[in-house]
Amino acid sequence: MGRHRNDPRGLVNILIIAVGVALALGLVVVGGAALVSSMNSEAMGPANAAVRPDDSTTTMAGAVEKDRTVYATFRFVRKVEVYAAGPGNTPVYWKGHFTKGEERDVLWPDVDVTIGDSAAVRVQVDGKALKLPAGKVTISFVEGAPEARSVGE
């Protein structure tokens, strides 16, 4: 009868497989953590681009301040929920609750801003107050010109 010896190559194969499984699990954990983190963070709008005289944005409604175009300014007079995003599959610019005293500028030519209660915000376009309907409203800035409409719940 022969003696039975352990095959050293078999142990190495098992070790390689164990390391591979550990790396795969580590990647899944890191990817999941990154996904959760990105879902909980505030979205950023597009970078402020310099406005050149030949740029088409200079013909839209809005005041050019330094190197950006401000289409409207929102001043919050009490806490309100606000959501601002561009058309289609574009980034969310603002999302959340804004409190009294906070101020935001609309810097994008095509954006929809939905406000939970129009009485909680003062909107100025080119230095003039924008009259809003009562209740929940959406203000659409299509090529910089604002259009406000009531939104049903």
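**Entry 1: Ala-119 and its loop**

I looked up Ala-119 and found it in the loop between β7 and β8. The model is a predicted one, and I read each entry with that in mind. Is Ala-119 buried, exposed or in between? I noted a relative accessible area of 36%. Ala-119 is partly exposed, because that value falls between the cut-offs of 20% and 50%.

I then asked which residues Ala-119 touches, leaving aside neighbours within four places in sequence. I found Val-77 and Arg-78. The C-alpha atoms of Ala-119 and Val-77 are 8.1 Å apart, and the two residues are separated by 42 residues along the chain.

**Entry 2: a salt bridge at the loops**

I stayed with Arg-78 and looked for its salt bridge partner. The partner is Asp-117, and the closest N and O atoms of the pair are 2.3 Å apart. Asp-117 sits in the loop between β7 and β8, and Arg-78 sits in the loop between β3 and β4, so the pair ties together parts 39 residues apart in sequence. I checked exposure for both. Asp-117 counts as partly exposed at 25% relative accessibility. Arg-78 counts as partly exposed at 39%.

**Entry 3: the other salt bridge**

How many salt bridges does a search of the whole structure find? It finds two. Besides the pair in Entry 2, I noted Arg-75 and Glu-103, whose side chains meet at 2.9 Å, N to O. Arg-75 lies in strand β3 and Glu-103 in strand β6 (residues 103-106), so this pair ties together parts that are 28 residues apart in sequence. Arg-75 has a relative accessible area of 35% and is partly exposed. Glu-103 is partly exposed too, with a value of 43%.

**Entry 4: the nonpolar core**

I turned to the largest nonpolar core, which has 25 residues. Which members touch the most other members? They are Phe-74, Trp-94, Val-106, Val-113 and Phe-141. I also listed the strands that each supply at least two residues of this core: β3 (72-76), β4 (80-85), β5 (92-98), β7 (111-115), β8 (121-125) and β10 (137-142).

I picked Val-113 for a second look. I left aside its neighbours within four places in sequence. Its contacts include Phe-74, Trp-94, Val-106 and Phe-141. Val-113 also touches Val-82, Tyr-83 and Ala-84. Val-137, Thr-138 and Ile-139 are further contacts of Val-113.

**Entry 5: Val-151**

Val-137 came up again when I looked at Val-151. Where is Val-151 placed? I found it in the segment after β11 (145-150). Its relative accessible area is 27%, so Val-151 is partly exposed. Not counting residues up to four places away in sequence, Val-151 touches Lys-136, Val-137 and Thr-138. The C-alpha atoms of Val-151 and Val-137 are separated by 5.1 Å, with their positions 14 residues apart along the chain.

**Entry 6: the whole chain**

Last, I stepped back to the full chain. I counted one helix and eleven strands. In sequence order, the helix comes at the start of the pattern and the strands follow.

What share of the 153 residues is buried? I noted 25%. The chain exposes about 10700 Å², and carbon and sulfur atoms supply 58% of that area.

I also checked contacts with a separation of 6 or more. Residues 24 or more positions apart account for 53% of them.

Key
Residues numbered from 1 in each chain as written. Predicted model: local features only at pLDDT ≥ 70, side-chain atom pairs only at ≥ 80, totals over all residues. Heavy atoms only, no water. Helix = DSSP H or I, 4+ residues; strand = E, 2+ residues; numbered from the N terminus. Buried < 20%, exposed > 50% of the residue type's maximum accessible area, 1.4 Å probe, protein only. Contact = heavy atoms within 4.5 Å. Areas by Shrake-Rupley, 256 points an atom, 1.4 Å probe, with all protein chains shown as cover. Core = buried A, V, L, I, M, F, W, Y, C linked by side-chain atoms within 4.5 Å. Salt bridge = Lys/Arg side-chain N within 4 Å of Asp/Glu carboxyl O.
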